Amino acid sequence: MNPWRLAAAEWRTQHGTFWGVALLLALALAFALSVNLVERGLRQASSQTATRFDLLVGVAGSPTQLVLSALYLQPQALALLPPPVWDALQADPGVAQLIPLANGDAVGPYPVIGTSAALVSGGRYFQLAQGRRFAADDEAVIGASVELALDDTIQLSHGAPQQHAVPDALNDDVHAHPVRVVGRLAPTGSPWDRAVLVPVGLLWSLHAHPPAFAPEWLPQPPLRQVPILLVQPRSVADAYRLRQQWRRGGLMAVFPAEVLAELFGTLGDARQVLALVAAGTQLLVLGAGLLTVTVLLATRRHAYAALRALGAPRAYLFALGWLLAMGVGLRACLVAVPLAAAMGWAAQALLRAATGLSVSLTPQWSDLALPGSLLLACAIGATLLAARACTRPVLDDLRG
């Protein structure tokens, strides 16, 4: 006697109930899998962005806020560094390069970053894919994802980027100073792909201040005040010395990767909470599924008792009950994998739109632990249910 045929017949007659339980299990499992995929991709993308910048110097406050503003271009109201900070860092023999960073303006949905041409020179931080770096106060370099073309003329507006705004050329905006696009950055998979880079002195002139870092083509003396300075140390020893040296006098110096490690430590705790919630949800749905199978087996006890009375061995009935219960878990796993991928892709698109981070979904062998644990739980439950079903007294079931 082949229990597969009877199990398949049970699935056909009760397909709505079995598939309903399987889909609930699949949703719980897919949620847990997608959390793992997205969290891992977010860590990798953030680490790649952090490794571009060595050391950040700003006014004492929140290191996380400083890093989010510099790396992820989050609009933050950061205090300006005192003028002597630039002079002291520029004169330090352990500093190979000093680059100002300032934000606060926008071109439609794209943040404007005031900086120096050194940020896009030599490929140390960013590389040019088209055109050249800016060489005048009315020129700009755009990120790889900015929907503008070389030689387009744009205007800057004060305030945070507007997601639904269109960066029209020469529109009626707050600042009437036209800027021409002269270069485009190579893709980085970071929020900088959506940035518009201009000389930092332009931002100050647009806001009725002296230029912060006047390049050689501007005759005004530099004021040397920006919220963030990006420091490229000459050596690892210089990096640690500079970080320690500038953690005083109302200032702070941070390694972006170090700050992100602390931040992801906190996010890791949150991920564990989500994992526990997902595991609890799986257990609840699994319990509901096993209860459903128990009810179905109870409703069919007359038929199974008749089979036993006709000579069907206990092993046959055990295999039948085990196949019915395990079928729920197997179908849940088969549905959960593509469902988790769809959830991950949706989260990937949302993160890309919200932060500019290009999050890659990279499955690992460790991800198999989740469906494996679900199948193990189903196997244990199926064994208990099947053993109970085949050990019931035949006469009681026939009379009932």
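**Cores, strand pairing and salt bridges in a predicted model**

Ile 380 sits in helix 10, the run covering residues 369-391. The model is a predicted one, and in it Ile 380 comes out as partly exposed, with a relative accessibility of 48%. Together with Leu 376 and Leu 384, Ile 380 makes up a nonpolar patch on the surface. The accessible area of the three residues adds up to about 320 Å².

Inside the protein, the picture turns to nonpolar cores. In soluble globular proteins, nonpolar side chains tend to be buried together. Here the largest nonpolar core has 36 residues. The members that touch the most others are Val 57, Leu 89, Leu 156, Val 196, Val 198, Leu 229 and Val 231. Helix 5 (residues 200-206) supplies the largest share of this core, with 5 residues. A separate core of 35 residues lies apart from it, and its members include Val 141, Trp 192, Ile 228 and Met 252.

Strand 10 (residues 228-233) is worth a closer look. Of its 6 residues, 6 are buried, so strand 10 is largely enclosed by the rest of the structure. Ile 228, Leu 230 and Gln 232 point to one side of the strand, while Leu 229, Val 231 and Pro 233 point the other way. Leu 229 and Val 231 are among the best-connected members of the largest core, whereas Ile 228 belongs to the other core, the one with 35 residues.

Two strands pair with strand 10. Strand 1 (residues 55-59) runs antiparallel to it over 4 bridges, and Leu 56 has Leu 230 as its bridge partner. Strand 2 (residues 95-107) also pairs with strand 10 in the antiparallel sense, this time over 6 bridges. In that pairing, Pro 100 is matched with Leu 229.

Back towards the N terminus, helix 1 (residues 3-13) has a buried side and an exposed one. Pro 3, Ala 7, Glu 10 and Trp 11 are its buried residues. Viewed down the helix axis, these buried residues fall within an arc of 100°, so they line one face of helix 1. This can be set against the general geometry: an α-helix has 3.6 residues a turn, so residues three or four places apart point the same way. On the face turned away from the buried side, helix 1 carries Arg 5, Arg 12 and Thr 13, which are exposed.

Helix 2 (residues 15-50) contains Phe 31. With 35% relative accessibility, Phe 31 counts as partly exposed. Phe 31 and Ala 340 are 309 residues apart in sequence, yet their C-alpha atoms are 6.4 Å apart in space.

As for charged contacts, the whole structure holds 7 salt bridges. In one of them, the side chains of Arg 180 and Asp 151 meet at 2.8 Å, N to O. Arg 180 is in strand 8 (residues 178-185) and Asp 151 is in the loop between strand 5 (139-142) and strand 6 (153-155), so this pair ties together parts that are 29 residues apart in sequence. Arg 180 is partly exposed, at 32% relative accessible area, and Asp 151 is exposed, at 51%.

Glu 258 takes part in two of the salt bridges described here, one with Arg 243 and one with Arg 247. The N to O distance to Arg 243 is 2.6 Å. Since Glu 258 lies in helix 7 (residues 256-299) and Arg 243 in helix 6 (residues 236-245), this bridge ties together parts that are 15 residues apart in sequence. For the Arg 247 bridge, the N to O distance is 3.9 Å. Arg 247 is in the loop between helix 6 and strand 11 (251-254), so its pairing with Glu 258 in helix 7 ties together parts that are 11 residues apart in sequence.

The three residues also vary in how they are covered. Glu 258 is partly exposed, with a relative accessible area of 32%, and Arg 247 is partly exposed too, at 43%. Arg 243, at 13%, is buried, since the cut-off for buried is under 20% relative accessible area. Elsewhere, salt bridges with shared partners link Arg 132, Glu 139, Asp 151 and Arg 180 into one network.

Methods. Residues numbered from 1 in each chain as written. Predicted model: local features only at pLDDT ≥ 70, side-chain atom pairs only at ≥ 80, totals over all residues. Heavy atoms only, no water. Core = buried A, V, L, I, M, F, W, Y, C linked by side-chain atoms within 4.5 Å. Buried < 20%, exposed > 50% of the residue type's maximum accessible area, 1.4 Å probe, protein only. Arc of directions from axis to C-beta. Patch = residues over 30% accessible without salt bridge, like charges linked within 9 Å, V, L, I, M, F, W, Y side chains within 5 Å. Areas by Shrake-Rupley, 256 points an atom, 1.4 Å probe, with all protein chains shown as cover. Salt bridge = Lys/Arg side-chain N within 4 Å of Asp/Glu carboxyl O. Pairing = 2+ DSSP bridges.
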